[in-house]
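The exercises below are meant to be worked with the sequence and the coordinates at hand. Each task is followed by a solution that goes step by step.

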Amino acid sequence: VLTDPILPCGQILAEHLSLPSVFFLQQMPCSLEYQATQCPNPPSYVPRVFTDHTDRMTFFQRVKNLLYDIPNFFLCDVVFQPYAQVASEFLHRDVTVPDLLRQASIWLMKTDFVLHYPKPLMPNMILVSGVNCAYKK
């Protein structure tokens, strides 16, 4: 099943039908793609969104990077809780959204590795760059 993991309905269906799933995304809120794939995402190295930091940060920039990341834990619980309830009812077992996302076979990441900072990736996370680029004459 080729699906976008922002709305995990496709993944719930793939889990129910025992089909492999391929995710196609640019970025997930709260860095759930890193949590689901157990990819290292340390705030001391990987800059957070809206901080304008690079991968070379001072100590205070690293602290600010960590503070920007704390509200995401609470925000994601509120946003994705309805999907966890639907998945639990449909699959007849307790399921969280990261548990659903862990079942993905391949993550096709629509990030341009030339424009973004380097970051660790897992073997099933594949960067596909230039997907939305149009050819010019």
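**Exercise 1. Place strand β3 within its sheet, in this predicted model.**

Step 1. Strand β3, residues 106-109, pairs with β4 in the parallel sense, and three bridges join the two. Within this pairing, Leu-108 stands opposite Ile-126 of β4, while Met-109 has Leu-127 of β4 as its bridge partner.

Step 2. Towards β2, strand β3 is again parallel, this time over four bridges. Here Met-109 of β3 is the bridge partner of Leu-25, a residue found in strand β2.

Step 3. These pairings belong to an open sheet of four strands in the order β1-β2-β3-β4, with parallel pairing. Because β1 and β4 (125-127) each have a single partner strand, they stand at the edges, and one side of each is left without a neighbour in the sheet. In general, strands of a sheet pair through backbone hydrogen bonds, in either a parallel or an antiparallel sense.

Step 4. Strand β3 can also be read by its faces: Trp-107 and Met-109 make up the covered face, and Ile-106 and Leu-108 the uncovered one. This fits the rule that side chains in a regular strand alternate between the two faces of the sheet.

**Exercise 2. Describe the surroundings of Leu-25, and decide whether it is buried or exposed.**

Step 1. The relative accessibility of Leu-25 is 3%, and since buried means under 20%, Leu-25 counts as buried.

Step 2. Leaving aside residues up to four places away in sequence, Leu-25 touches Asp-4, Pro-5, Trp-107, Leu-108, Met-109 and Lys-110.

Step 3. For a residue that lies elsewhere, take Glu-89, which is 64 residues from Leu-25 in sequence and 26 Å from it in space, C-alpha to C-alpha.

**Exercise 3. Classify the aromatic pair of Phe-23 and Trp-107, then that of Phe-80 and Tyr-83, by the angle between the planes.**

Step 1. A pair of aromatic rings is described by the distance of the centres together with the angle of the planes. The count for this model comes to three aromatic pairs.

Step 2. For Phe-23 and Trp-107 the centres are 4.7 Å apart and the planes make an angle of 85°, which is edge-to-face, since the cut-off for that class is over 60 degrees. Phe-23 lies in strand β2 and Trp-107 in strand β3, so this pair ties together parts that are 84 residues apart in sequence. Phe-23 is buried, with a relative accessible area of 0%, and Trp-107 is buried, also with a value of 0%.

Step 3. For Phe-80 and Tyr-83 the distance is 6.3 Å centre to centre and the angle between the planes is 50°, which makes the pair tilted. Both residues belong to helix α3, where, because they are three residues apart, about one helical turn separates them. Phe-80 counts as buried at 6% relative accessibility, whereas Tyr-83, at 24%, counts as partly exposed.

**Exercise 4. Which residues are closest to the centre of the second largest pocket, and which helix supplies the largest share of its lining?**

Step 1. The second largest pocket holds about 220 Å³ of space. Its lining consists of 13 residues, of which Cys-76, Asp-77, Phe-80, Val-97 and Pro-98 are the closest to the centre.

Step 2. At least two lining residues come from each of α2 (32-37), α3 (59-91) and α4 (97-101). The largest share, seven residues, is supplied by α3.

Step 3. By residue class, the lining of this pocket divides into eight nonpolar, four polar and one charged.

**Exercise 5. Find the buried residues of helix α1 and the elements they pack against.**

Step 1. In α1, residues 9-17, the buried residues are Gly-10, Gln-11, Ile-12 and Ala-14. They pack against β1 (2-3), β2 (22-25), α3 and α4.

Step 2. Just after α1, Ser-18 takes a positive phi of about 55°.

Step 3. To set this helix within the whole, note that the protein comes to four helices and four strands, which follow the pattern β-α-β-α-α-α-β-β along the sequence. Of the 137 residues, 32% count as buried, and among contacts with a separation of 6 or more, residues 24 or more positions apart account for 48%.

Conventions:
Residues numbered from 1 in each chain as written. Predicted model: local features only at pLDDT ≥ 70, side-chain atom pairs only at ≥ 80, totals over all residues. Heavy atoms only, no water. 1 Å grid on protein atoms, 1.4 Å probe; cavity = no way out; pocket = protein on both sides within 12 Å on 5 of 7 lines; lining within 4 Å. Points joined across faces, edges and corners; volume = space filled by probe spheres on them. Nonpolar A, V, L, I, M, F, W, Y, C, P; charged D, E, K, R; others polar. Buried < 20%, exposed > 50% of the residue type's maximum accessible area, 1.4 Å probe, protein only. Contact = heavy atoms within 4.5 Å. Pairing = 2+ DSSP bridges. Phe/Tyr/Trp six-rings, centres within 6.5 Å; stacked < 30°, edge-to-face > 60°.
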